[in-house]
Protein chains: 2
Amino acid sequence: MLVSALLTSVGINSGLCVLFFTLYSILRKQPTNYGVYIPRLIAEGSSKRRSHFNLERLIPSPGWVKRAWKLSEEDLLSTSGLDAVVFMRVITFSLRVFLFAGVIGIFVLLPVNCSGDQLHDIDFADLSNNSLDVFTISNLSSGSKRLWAHFSAVYLVTAFVCYLLYYEYKCITGKRIDFFHLTKPQPHQFTILVRSIPVSAGSSVSESVERFFMEYHPSTYLSHMVVHRSSKLQSLIKDAKKLYKRITHLQSEPNQPQYRHVGLFRHSVDLVDHYGKKLEDIEENMRLERSEVSLATQEVRAAFVSFKSRYGAAVAFHMKQSINPTEWVTELAPEPNDVYWPFFSSSFMRRWLSKIVVIVACILLTILFLIPVLVVQGLTNLNQLEIWFPSLKSILTITFVSQVITGYLPSLILQLFLKIVPPIMEFLSSIQGYICHSDIEKSACNKVLWFTIWNIFFATVFSGSVLYQVSIFLDPKHIPAKLASAVPAQASFFIAYVVTSGWTSTSSELFRIIPLIWSLIRKPFTCCSDEEFEVPSIPYHRDIPRILFFGLLGITYFFLAPLILPFLLVYLCLAYIIYRNQFLNVYAPKYETAGKFWPIVHNSMIFSLVLMQAIAIGLFTLKKLPLASTLIFPLPVLTLLFNEYCRKRFLPNFIAYPAEVLIKRDREDRYDPKMAEFYDNLVAAYQDPALLPIQFSANSDSLNSPLISAAQVRH
Amino acid sequence: MLVSALLTSVGINSGLCVLFFTLYSILRKQPTNYGVYIPRLIAEGSSKRRSHFNLERLIPSPGWVKRAWKLSEEDLLSTSGLDAVVFMRVITFSLRVFLFAGVIGIFVLLPVNCSGDQLHDIDFADLSNNSLDVFTISNLSSGSKRLWAHFSAVYLVTAFVCYLLYYEYKCITGKRIDFFHLTKPQPHQFTILVRSIPVSAGSSVSESVERFFMEYHPSTYLSHMVVHRSSKLQSLIKDAKKLYKRITHLQSEPNQPQYRHVGLFRHSVDLVDHYGKKLEDIEENMRLERSEVSLATQEVRAAFVSFKSRYGAAVAFHMKQSINPTEWVTELAPEPNDVYWPFFSSSFMRRWLSKIVVIVACILLTILFLIPVLVVQGLTNLNQLEIWFPSLKSILTITFVSQVITGYLPSLILQLFLKIVPPIMEFLSSIQGYICHSDIEKSACNKVLWFTIWNIFFATVFSGSVLYQVSIFLDPKHIPAKLASAVPAQASFFIAYVVTSGWTSTSSELFRIIPLIWSLIRKPFTCCSDEEFEVPSIPYHRDIPRILFFGLLGITYFFLAPLILPFLLVYLCLAYIIYRNQFLNVYAPKYETAGKFWPIVHNSMIFSLVLMQAIAIGLFTLKKLPLASTLIFPLPVLTLLFNEYCRKRFLPNFIAYPAEVLIKRDREDRYDPKMAEFYDNLVAAYQDPALLPIQFSANSDSLNSPLISAAQVRH
């Protein structure tokens, strides 16, 4: 790829970014778009819909940038929780790393690369006609002494990243403990989930739980809530809600046709009456189903068991309870609103089978996804495209077209395909057996991350079939050599990828294209969307892997093609401002893991470092500098030892809180008069929402009983 | 190797076994050998040294076989503990497996193999001149339908072994729990070892421990015992003991010279006086050292912390105590007499360094050990030997010599070299940082096992350099194919190995050659060995890996060369009788792990199965039966899944007892009047023996104070 092609790509994307920013500045001020751009403020009531028109609304203004910039970490913590703070720290962490690497890369490595003469001399008169490869390490000849600059850079950056990783892990651990001390008593701190409860003949699950915990934890046991098989009830409630919404919609708009022709004889039917009857039927079913679900026969062998103290719950969680370790399996309870109820309905065997299905599905997805990747690779090599489609030859000779195709189109296509991966992975995780939304997103985050690394990085680098890729990893001796020959060749593709995928993804995150289009489509059909208005939560499993993947690209390419770093820094700066703005205006936290996403970030960074070091080993061997490649060898070993130390030093705190912290917190609460009320609420905190009295809409307070509601609607 | 060579080997070894048995039957009745053959009975006082002579003593009698056979598992449990029971179950487990495999192998696979014609037709007229290969799977031609018999055998035996493994694991878990319920309260059940204790300036380790546990475990904490740096004191005590022994020896034998010429002027010195003075000096040093060691400055940052209940100790062990997980690290305490005190003297850094040293040493040992293995391999190929030593050609043509050399010598040499491995591995484990003898032996057991598998099995199969072996495992795709071509070729070597190494090792275990020789050498120099008499304990790290290695050979070769099975069964029957006899007469338990060796056995069996299946996959591919090799594929997956299930189902009980068991046991003790006394003893149970008042000899009750003892000796 020529410099000019890269510049075209940069130009297009800069233009797009400016356009998105300007449009955002205007559109966010239109009251009709408040639901898209400031849902959080609306929900909190801090911003009212103004309907009077003024000219200011049409002029783009950068005030939101200032507000986002000024947001302090304490404010973010108090409004969006620790997870948002950790998310922002991922960005600042990457910024620090690539500022350091950028200084080394641009001021040391780039001049060194340009001074090489392996490819051809640099043409300073017409910079844009140089190939991008001139700026990469490929331009240095074999055995060149200048490669020692790269060698030093690898050591320096590894040391810096490890130092920062240690510092961040320590800092986030501290924040996690502080957060625990500052939060009010939460039900999930006092509760564990017990599964595989053995039930003797003639007794119910509930009795079994009561007996066991009264026997072995008499001093700390408080209460329990057995989980019931409620999937049928859940779907009934869903249907009823849908019907109810339709009825209220019909009633609120008297000018809409209230009749419909039904059946063969086309006799007219009062729609409100018709739906009302249907709703009554469903409610009848619901009542029957509810009374059935409450029976002991519909009990799942799982229960939320609450304790009088956090320490009591932790002891029950940490100890193996039963002689048979596959019975009375304990795990920490999630927050009550974080529980993923559908999961509990499935049996052990079904959960086990779905786990296998998920694994197979992930493999299939990976294989199918290689098709678009290969197409994209075809686009970067114009010659190959001309061979595939000879008829396009005339168009492809136009410079601008060819530059758009090689510089922009490939990563755009990839990006579009990548958009569908996070929802798919979230779905796969949801059927894998996790008990709460946060665990599902954490697992999906990992899946998306490794999918991205495998399908974008390795599939692009080792362009070839899946079997070829697998065969490379089955031959571990030659991995560094193969990486070293393949990775630098894709430098220009990944530089363009950062510009197109990175820049565009952040600005479209700001602009919220899909919610915007969705709201525009939906508007004509809904009268008053206020009632069903829901504040979105940030999809960590989509955004964290993206930032981490750019981190991987930056770390692996910083010494091969330092030109990638300025573009990465621009991306990270954009992300820094935009995500802060989104946390302020758009996203509200759905759950709180208190920073449990950080270990994923840490592991990904360690993987990036080791991958970079493997490439360095292979590269120095290729470039005939055996001493350098030997001297790099201790580096991956040290990095992995460092990782091992961090696992020992920090990870346990991310799995469960230590005794010291729990006991201190319990003592603080001991004389709190509010605790009695808290214990009362704790007993019912983990009630399945399907078994609670239904309230069809947030505003209709009178409709607590479904039967009454349907009757009211009909008559 | 020809059948006749194998028969020679069998002949020699049968002869040796009969000789050993006969000699044992006679020698064990001689009073002078009681210390070698029935030390346990002597120590228990159930057998007195009879000095009157009778003729019966010179006639071999098989009474001991009957006694060993009759020994029930309950008796074994009560006299030698659960570890001995588990050890015997390893043998009976192997017996069951190979009886089943033997029936299939001898009655189905062996006739099938003989019916092949790949090599040459079997010569029924002169059986002993057939090559052993005729009886192996190599005799079947490629694509032969008869290979399906082997296929079915692989599936059948895998299923049978897995069933037995599950049954045994379950049974031993049950025994472990029962054993826990039946034993009296033991100090180690109430105690944990805490390490990496943080100490604030101006306070001692002891104060720090007291403060921490009084704060966080006030209701269960009982007492603690800080570990002191006592290595210097330990060596002083050792010196003093040696001197004291010499003095008592001199005093008890008045006819020995009591004077010695000392120094340049050769003036005579009263030896008793001389040693007495020396002893006094050492005792003075000891007193100084002891008062110094007791100081807070000599405290190691580790302490044994005792609790009022087993459950309290278990809770403190399972929970992470501190915000910094590298501080207040807890582990279960070993039995007081099982503690390995020298270890505590070393700092964290030194322990870490010695761990690395141990790893390097293991690698070096593996490389050095390949030399004898390669020599042995040279011996099995006579042709190669003739090339190396042309002068030997004339001797090697003698049939008997060549048969001894190919059939017997190789494994004898290997066995001699293998003898030195267990002590080396035990030494390596002891400097690796384990806190008790049982952990050291367990770790050594693992080391010896993998060393044997690597250095005997793989080194023999892939005869070649270490680098070649490593390169095979770096190329995982081709492992089955390489195994399939190499493993059957070594069948005759391993059959001979079972006969020589297996048979001889068990009969020499019975005969106790080395202790016998040692006692014969020592006899003239010691007057009354009764006083220093010590009952040996069985070296599990030597004997368990040996049995497991024969298990591996049996499982991998049963379908390749079924001829190995009868020899294995003979070996196991011998082992069954002999080890039972040794438990009765020779070995006394030194510690009790309550069956913690079983997981090692389980893992080794699973490894053997997967290795066998990999060989089967490769072999069926080699023999052009692709359908069979595809159908074997699910088998290793299922085996590993089974192993995973067993890890979940049984392993936790081998790491720590579950809450249920602990609480039940605690409740049983609650009203036991003896518990007050037990708690009193518990406080001092983990006192460093070096800090206790010294008692030089078991019999000299009056010598409690070392100073008095020395003074008594002198005057």
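Two residues are in contact if their C-beta atoms, placed from the backbone, lie within 7 Å. The structure is a predicted model, in which local features need pLDDT of at least 70 and side-chain atom pairs count only at pLDDT 80 or more, while totals for chains, interfaces and linings use all residues. Residues are numbered from 1 along each chain as its sequence is written, and chains are lettered from A and ligands numbered from 1 in the order in which they are written.

**Exercise 1. The contact between the chains**

Determine how many residues chain A and chain B bring to their contact, and describe the side of chain B.

Solution. Step one is the count: chain B supplies 25 residues and chain A supplies 25 residues. Step two names the elements, where helices (H or I, at least four residues) and strands (E, at least two) are DSSP runs numbered from the N terminus. On the side of chain B that touches chain A, two or more residues each come from helix H10 (310-318), helix H26 (634-649), helix H27 (651-655) and H28 of chain B. H28(B) gives the most to that side, with four residues. Step three is the class: Ala, Val, Leu, Ile, Met, Phe, Trp, Tyr, Cys and Pro count as nonpolar, Asp, Glu, Lys and Arg as charged, and the others, Gly among them, as polar. The side of chain B then divides into 14 nonpolar, five polar and six charged residues.

**Exercise 2. The faces of helix H7 of chain A**

Establish the span of H7(A), and find which of its residues are buried.

Solution. The expected span of a helix is 1.5 Å times one less than its number of residues. H7(A) (residues 205-216) has twelve residues, and the distance from its first C-alpha to its last is 17 Å, close to the 16 Å expected. Next comes burial: a residue is buried if 20 or more other C-beta atoms lie within 10 Å of its own, exposed if 12 or fewer, and partly exposed in between, with C-beta atoms placed from the backbone. In H7(A) the buried residues are Val205(A), Val209(A), Phe212(A), Phe213(A) and Tyr216(A). They lie on the same side of H7(A) because they cover an arc of only 85° around the axis, the arc being that of the directions from the helix axis to the C-beta atoms. An α-helix has 3.6 residues a turn, so residues three or four places apart point the same way. Arg211(A) and Met214(A), on the other side of H7(A), are exposed. The last step is the cover: the buried residues of H7(A) are covered by elements including strand E1 (191-195), strand E2 (221-228) and strand E5 (299-307) of chain A, together with helix H28 (659-669) of chain B.

**Exercise 3. The buried residues of helix H28 of chain A**

Identify the buried residues of H28(A) and the elements against which they pack.

Solution. Within H28(A) (residues 659-669), the buried residues are Ala659(A), Glu660(A), Val661(A), Leu662(A) and Ile663(A). These pack against H6 and helix H10 (310-318) of chain A, together with helix H7 (205-216) of chain B.

**Exercise 4. A helix pair in chain A**

Describe the packing of H6(A) and H26(A) by angle, distance and residues.

Solution. Axes are lines fitted to C-alpha atoms, for helices over the stretch in contact, and angles run from 0 to 180 degrees between N-to-C directions. Helix H6 (residues 147-182) and helix H26 (residues 634-649) of chain A pack at about 0°, and their axes are 11 Å apart. H6(A) is therefore roughly parallel to H26(A); angles under 35 degrees count as roughly parallel, over 145 as roughly antiparallel, 65 to 115 as roughly perpendicular and the rest as oblique. From H6(A), Tyr155(A), Thr158(A), Cys162(A), Tyr166(A) and Tyr169(A) meet Leu635(A), Thr639(A), Phe642(A) and Cys646(A) of H26(A). This contact has seven nonpolar, two polar and no charged residues.

**Exercise 5. Positive phi values**

Locate Ser196(A) and Lys624(B), and state the phi and the exposure of each.

Solution. Most residues other than glycine have a negative phi, and most peptide bonds are trans. Ser196(A) has a positive phi near 50° and sits in the loop between E1 and H7 of chain A. Ser196(A) is partly exposed because it has 15 C-beta neighbours inside 10 Å. Lys624(B), with a positive phi of about 55°, belongs to the loop between helix H24 (598-622) and helix H25 (626-632) of chain B. Lys624(B) has 13 C-beta neighbours inside 10 Å, so Lys624(B) is also partly exposed.
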